[in-house]
Amino acid sequence: MFERSRPRHGEDSGEGAAAVDLVVVGAGRYGGRLVRQLLARDVRVLVVDTDPQVLEDISEEGAQTLYGDAEEPELIYALPLHGTSWVVSTVPDRSVSLALLHGLEHADYAGSVALTAHNDHDAERLEAAGVDVVLRPFHAAADSGAAILLDKAGRRAGRDVSEAE
């Protein structure tokens, strides 16, 4: 594998590329699933990641890609922020998220920002910093799992779950 210390500019950086609706930083398990859901709904997405294989795979599914590291301040200047309605980071590191938010503010980004938190403390810090949306994948997964289990339990018991205590 190769590694670059700076975002790569050019055809994959959004310079001269088609406009995007969202920029998603991080396309691992959570971010990759999020991007695929957005692409399935015809949302134009630019994906930023440090894994060339992840970028290659997601580009084959229709996303624009940019090799870049959210921890590098230069990344902000490689993003096509003008006309992009959302910047979303699925990187769960609070310090990286806050640095990204600060960089977007410094670049006078006028759109909305969603950042990811894996715990209550980080979510509170991100909210206090003024982020528009805090994504909480573990909360969302637990809520979805509980709904599925309650739905299945209600069906097996032959009664509406809402009737149960």
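Buried here means under 20% relative accessible area, so D122, at 11%, makes the cut. Keep that in mind for the views of this predicted model.

**View 1. The D122–R94 salt bridge joins two helices.** The side chains of D122 and R94 come together with 2.7 Å from N to O. D122 sits in helix 5 (residues 120-128) and R94 in helix 4 (residues 94-106), so this pair ties together parts 28 residues apart in sequence. D122 is the buried partner at 11% relative accessibility, while R94 is partly exposed at 25%.

**View 2. R136 pairs with D120.** Here the closest N and O atoms are 2.2 Å apart. R136 belongs to the loop between strand 6 (133-135) and helix 6, and D120 to helix 5, with 16 residues separating them. Both count as partly exposed: R136 has a relative accessibility of 22% and D120 one of 44%.

**View 3. D21 meets R44 in a salt bridge.** The N to O distance is 2.7 Å. D21 is in the segment before strand 1, and R44 is in the loop between helix 1 (29-40) and strand 2 (45-49), so the contact bridges 23 residues of sequence. D21 is partly exposed at 22%, and so is R44 at 41%. The model has four salt bridges in total.

**View 4. Confidence along the chain, from strand 1 to the N-terminal stretch.** The average pLDDT is 86, and 82% of the residues score at least 70. Among the elements, strand 1 (residues 22-25) has the highest mean, 98, and helix 6 (residues 137-156) the lowest, 87. Residues 1-16 fall below 50, though the stretch still has 31 contacts in the model beyond near neighbours in sequence. Where pLDDT is low, don't read the predicted coordinates in detail.

How values were computed. Residues are numbered from 1 along each chain as its sequence is written. This is a predicted model: local features need pLDDT of at least 70, side-chain atom pairs count only at pLDDT 80 or more; totals for chains, interfaces and linings use all residues. Side-chain values use heavy atoms; hydrogens and water are left out. pLDDT is the predictor's confidence in each residue, from 0 to 100. Helices (H or I, at least four residues) and strands (E, at least two) are DSSP runs, numbered from the N terminus. Contact means heavy atoms within 4.5 Å. Buried means under 20% relative accessible area, exposed over 50%, partly exposed in between (1.4 Å probe, protein chains only).
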